[in-house]
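This briefing introduces a single structure to a reader who has not met it before. Please look over the sequence and the model first, and then follow the topics below.

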Amino acid sequence: MSAVPALVVIGGGPRGTGVIERIAANAPALYGNRRLDIHLVDPYPPGGGRIWRQDQSPLLRMNSMARDVTMFTDDTVPQEGPVRPGPALHTWAADVRDGRITAGAAPGVLEEIKELRDADFPSRRLQSAYLRWVHDQALAALPPGITVHEHRDRALRVSGPRGGRQRVWLEGRAEPLTADLVVLTIGHLDAEPDAEQRELTDFATRHGLVHLPPDFTADSDLSALPAGEPVIVRGLGLAFIDLMVLLTEGRGGRYENGVYLPSGREPVLYVGSRRGVPYHSKIGYGWEGEPLPQPRYFGPEQTDELLRRSGPLDFRRDVWPLVEKELGHAHYHRLFTAHPERTAVDRADFEEKYDVSEPGSPELDALVSAAVPDPADRLDLTALDHPLDGVRHSSYDSLQDGLRSYIAADLERRHDPAHSADLAVFLRLLSVYGQLIRLGDIGTWWHGYFSYLASGPPGPRLRQLLALSRAGVVRFLGAGVTVGTDEERGVFRAGSASVPGERTEARALVEARLPDPSVPYTRSALLRALHEDGAAATDTGLLSVDPADGRILDRGGSPHPRRFALGPNTTARSSGAFTRPRTGGPAFGQNDATARAVLAFLRDHPAPGARRSLPYTSR
């Protein structure tokens, strides 16, 4: 019996679907009608995987509008393979509503789909239905010789020589899967606690307190947080928004005319973070007018030049000045073209001087001050990162008023097209991200800053936060939050730079953030085993991969010929497995490169005894 070449894809979420879709698109040209078995390994249903599974609260929503979500490539994606167009989420929902597409979803989700409009923020379980449909379409598009076998199991280890077939060991199975190639497309993972988290957990155990370390909010046991009791929450990003929703609406509270009506089952959330403010609201309007110009100061040419340099790159020294100037270029181009009445100099003269000014220099500051009279129209990326620097309040009550005013102002600005320079910066952030992933591990700061500026909550969520603050269910702690323990009193204590000298005590502490992606701390036996087997990890703990095609690198920098990895745990981490239509889709380009490398390898290195092609060309 002839052996059939085999590929194991570990991870059945949107990234795994993306790789399979790219295999389907590229196989006719690169692989012909040869046979191939693809083994898809994931304990969760394919399409959504763990994070986007359908079995989660309908209260949890995406932070993107339906029109801004697609799983399909277009001609803006940097890829060699063919474009296979398909519907964005809102178009798909309309097709389901009109009977052109059948979606396999629970009745409640089908009702959500039928009611969805392009500017709505869908529930995550609705997105799960879309992802499952895309997955099914990808399978249907595979050539007749390629078959996918699903394994609802957890992969524990990959073994095998660099020059031979690989073995993938699954939990609870004595015999491994044998594969010519292995592709890891796993998403966010659980992590072991670091030293600080272990100390906090030990303290909580000694004193009968509650400590919830970094985790996926949808998977956290929030029943341990009692009604009416204070809870210190560290983190104001999207994980906090999910926590806020589940502990308020999830416990029976509701909103009426902008007022929160509590159920009486809510705890009181004392929340703060390094910045002390929530992520900026998603922008609530679309682009109109003159298109954004192509990148000028940080695009493919500049990235190529950085990659040609010898020695390691320093993000702040070598990269950030280019990013800062590129974002400024997008901002001021939009201001001069869409809102010229708020500028004071000739546009051509400004652009000429901007071109030769160093980022962050006094000359650039003077140029902008003279050209843009209103400070609110200027782009200050440093001030954006530290919105409460130097702001002090005499009491927590005073801080509440200040933070509510800040959030209300942010909401107003992010929904006002008169500030469309903000939208220009947002769109340019997406292209910048696409270049930065080519540079590998650039540290952790950028990813947090990007999320803070570009991946914040929908406006309605921040309006709910304001209502909860007015109702006293949420109390802001401010910026520079510190959390300590009091052995004598047996409580957690939190303070901040915003209200010097004041402390808040609680018997519960929640870390409202995802675990950091880190090979040394991951709870994934698979990633730990790869690292022990010689796979390289960066100083920040990311799995090192070849930026060209995702092959896993060893500690000497050599790519493994038969092992690939994509996703947030790797140096090729992108901003997401799906993207806005016509914005380049860096993850899509990575999927394409990996799929093409896989197909080329399997074509040129057939399994021993493998039949090279089918004797037929259709199913």
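A residue is called buried when its relative accessible area is under 20%, exposed when that area is over 50%, and partly exposed in between. R523, with a relative accessible area of 46%, is therefore partly exposed. The model is predicted, and the points below take up its salt bridges, two arginines that count as buried, and one of its pockets.

**Salt bridges**

- The structure holds 45 salt bridges, and one of them brings together the side chains of E192 and R523, with a distance of 3.5 Å from N to O.
- This pair links distant parts of the chain, since E192 sits in the loop between β7 (181-184) and α5 (195-207), while R523 sits in the loop between β17 (508-511) and α16 (525-532), 331 residues apart.
- Like R523, which has a relative accessible area of 46%, its partner E192 falls in the partly exposed class, in this case with a value of 39%.
- A salt bridge also joins R404 to D401, where the closest N and O atoms are 2.8 Å apart.
- Both R404 and D401 belong to helix α12, where three residues, or about one turn of the helix, separate them, and D401 is partly exposed at a relative accessible area of 47%.
- The side chains of D516 and R513 form a further salt bridge, at 3.8 Å from N to O; D516 is exposed, with a relative accessible area of 53%, whereas R513 counts as partly exposed at 31% relative accessibility.
- Elsewhere, R50, R53, D190 and D219 are joined into one network by salt bridges that share partners.

**R251, a buried arginine without a salt bridge**

- R251 is placed in the loop between α6 (238-247) and β10 (254-256).
- Although R251 is buried, it has no salt bridge, and the nearest side chain of opposite charge, that of E266, is 7.5 Å away; a salt bridge requires the nitrogen and the carboxyl oxygen to be within 4 Å, so this pair does not qualify.
- The side chain of R251 does reach the backbone oxygen of L222, at 2.8 Å.
- Residues up to four places away in sequence aside, R251 touches L222, S223, L225, P226, A227, L246, S263, R265 and P267.

**R414 in helix α12**

- R414 lies in helix α12, which spans residues 396-414, and its relative accessibility of 9% is under the 20% limit, so R414 counts as buried.
- Once neighbours within four places in sequence are left aside, the contacts of R414 are H280, S281, K282, I283, G284, Y285, D422 and L453.
- From R414 to D604 the separation is 190 residues in sequence and 52 Å in space, taken from C-alpha to C-alpha.

**The second largest pocket**

- How much space lies in the second largest pocket? The volume is about 1,300 Å³.
- The lining of the second largest pocket is made up of 49 residues, and P78, G434, Q435, R438 and P586 are those that lie nearest its centre.
- Helices α7 (300-308), α13 (421-436) and α17 (586-604) each supply at least two residues of this lining, and the largest share, eight residues, comes from α17.

Notes. Residues numbered from 1 in each chain as written. Predicted model: local features only at pLDDT ≥ 70, side-chain atom pairs only at ≥ 80, totals over all residues. Heavy atoms only, no water. Helix = DSSP H or I, 4+ residues; strand = E, 2+ residues; numbered from the N terminus. Buried < 20%, exposed > 50% of the residue type's maximum accessible area, 1.4 Å probe, protein only. Contact = heavy atoms within 4.5 Å. Lys, Arg positive; Asp, Glu negative; His and termini not counted. Polar contact = N/O pair within 3.5 Å; in protein donor to acceptor, adjacent residues only side chain to side chain. 1 Å grid on protein atoms, 1.4 Å probe; cavity = no way out; pocket = protein on both sides within 12 Å on 5 of 7 lines; lining within 4 Å. Points joined across faces, edges and corners; volume = space filled by probe spheres on them.
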